Amino acid sequence: MPVLSLEQIATALPANRRLMGLDVGSKTIGLALSDALLGLASPLETIRRNKFTADAQHLLQLADRYEVGGLIVGLPLTMDGSEGPRCQSVRQFAANLLAISDMPLAFQDERLSTVAVERMMIDDADLSRKKRAATIDRAAAAYILQGALDRLAHLRTS
C-alpha cells in the first residue's frame, strides 16, 4: 500500500481499528496508540532500535495485539518546512515497513514535538532528566498521533 494522506487514511482505516503513532529516531522508535474511537492518543512503549527486521516484527506484533489498522509516522521537517536528511531516513523506514505490511500509513508533521513534550514534562510534571529520557520518545509519539487525531476529527466535522 502506498503512503496515504491523512485524509485518505481516514477512509482506508478498517472499522473499529486503532491508529498507532511512531516517532522514528536513529536510536529509538516511540510508539503511541489511539483509542478505538480515534479521539485520544496514549503513549505505548519505546523500541530501542536494532536491526530493521526485528524492530518491524516487534512493531507489527504490537499492531496485531492492539488491533491497529493504520500507522501515523512523524515526519521531522525542518523549521522552514523543507525535508532534511532525517526525513529521508524516516521515509526509508516507512517504505521498508510498507514492503512487509499492507497497513495504511500517513505522515504527520512532527516539528517541535519532542521539544513541546519535554517542556510539558519539565514544567507540568517536574520530571527528572532520567525519567524524561525514559519516556520522551513514546510521549512524543503520542503528541504526534494526537495531532493527527485532532486533524481527523476536524475533517469529520467539516
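A salt bridge here is a side-chain nitrogen of Lys or Arg within 4 Å of a carboxyl oxygen of Asp or Glu. Keep that cut-off in mind for the first view, and note that the model is predicted.

**Figure 1. Asp137, a buried acid without a salt bridge.** Welcome to helix H5, where Asp137 is found. The side chain of opposite charge nearest to Asp137 belongs to Arg48, at 5.9 Å. A salt bridge has to fall within 4 Å, and Asp137 has none although this residue is buried. What does the side chain of Asp137 join in a polar contact? The partner is the side chain of Thr28, at 2.8 Å. Beyond residues up to four places away in sequence, Asp137 touches Asp23, Thr28, Gly30 and Thr46.

**Figure 2. The open sheet, strand by strand.** Follow the six strands across the sheet and you will read S1-S6-S5-S2-S3-S4, with mixed pairing. Strand S1 (3-4) and S4 stand at the edges with a single partner strand each, so one side of each has no neighbour in the sheet. Inside this order, S5 and S6 run parallel and are joined by five bridges. One pair to look for is Gly74 with its bridge partner Gln108 in S6.

**Figure 3. The hairpin of S3 and S4.** Here the two strands run antiparallel, and seven bridges join S3 to S4 (residues 41-48). Six residues lie between the strands of this hairpin. In the turn, take a look at Leu38, which has a positive phi of about 60 degrees. Ser34 stands opposite Ala41 in S4.

**Figure 4. Ala41 and its surroundings.** Staying in strand S4, we now centre on Ala41. Is Ala41 buried or exposed? With a relative accessibility of 13%, Ala41 counts as buried, because the cut-off for that class is under 20%. Leaving out residues up to four places away in sequence, Ala41 touches Leu33, Ser34, Ala142, Leu145, Gln146 and Leu149. Tyr143 is 102 residues from Ala41 along the chain, yet their C-alpha atoms are separated by 7.5 Å.

**Figure 5. The largest nonpolar core, with Leu71 in focus.** This core has 25 residues, and those touching the most other members are Met20, Leu22, Leu31, Leu59 and Leu71. Which elements each supply at least two residues? They are strand S2 (18-24), strand S3 (28-34), helix H2 (52-65), strand S5 (68-75), helix H3 (85-100) and strand S6 (105-109). The largest share, six residues, comes from H3. As general background, nonpolar side chains tend to be buried together in soluble globular proteins. Zooming in on Leu71, and setting aside neighbours within four places in sequence, its contacts are Ile9, Leu19, Met20, Leu22, Leu59, Leu97, Met103, Pro104, Leu105 and Ala106. A second core, separate from this one, has 17 residues, including Ala32, Ala41, Leu145 and Leu149.

**Figure 6. Glu7 and Arg151, a salt bridge between distant parts of the chain.** How many salt bridges does a search of the whole structure find? The search finds four, and one of them joins the side chains of Glu7 and Arg151 at 2.7 Å, N to O. Glu7 sits in helix H1 (residues 6-12) and Arg151 in helix H5 (residues 129-157), which places the two 144 residues apart. Glu7 is partly exposed at 35% relative accessibility, and Arg151 is partly exposed with a relative accessible area of 36%.

**Figure 7. Asp55 and Arg49, a buried acid with a salt bridge.** Compare this view with Asp137, which is buried but has no salt bridge. Asp55 lies in helix H2 and is buried, its relative accessible area being 3%. The closest N and O atoms of Arg49 and Asp55 are 3.8 Å apart, forming a salt bridge. Arg49 counts as partly exposed at 27% relative accessibility. Outside four places in sequence, the contacts of Asp55 are Ile29, Ile47, Arg48, Arg49 and Asn50.

**Figure 8. Arg86 and Glu110, a salt bridge from helix to loop.** The side chains of these two residues meet at 3.5 Å, N to O. Arg86 belongs to helix H3, while Glu110 is in the loop between S6 and helix H4 (113-123), 24 residues apart. Arg86 is partly exposed, with a relative accessible area of 45%, whereas Glu110 is buried at 6%.

Terms used: Residues are numbered from 1 along each chain as its sequence is written. This is a predicted model: local features need pLDDT of at least 70, side-chain atom pairs count only at pLDDT 80 or more; totals for chains, interfaces and linings use all residues. Side-chain values use heavy atoms; hydrogens and water are left out. A nonpolar core is a set of buried Ala, Val, Leu, Ile, Met, Phe, Trp, Tyr and Cys residues joined through side-chain atoms within 4.5 Å. Buried means under 20% relative accessible area, exposed over 50%, partly exposed in between (1.4 Å probe, protein chains only). Helices (H or I, at least four residues) and strands (E, at least two) are DSSP runs, numbered from the N terminus. Contact means heavy atoms within 4.5 Å. Two strands pair if DSSP finds at least two bridges between them. Lys and Arg count as positive and Asp and Glu as negative; His and the chain ends are not counted. A polar contact is a pair of N or O atoms within 3.5 Å; within protein, one must be able to donate a hydrogen and the other to accept it, and residues adjacent in sequence count only if both atoms are side-chain atoms.
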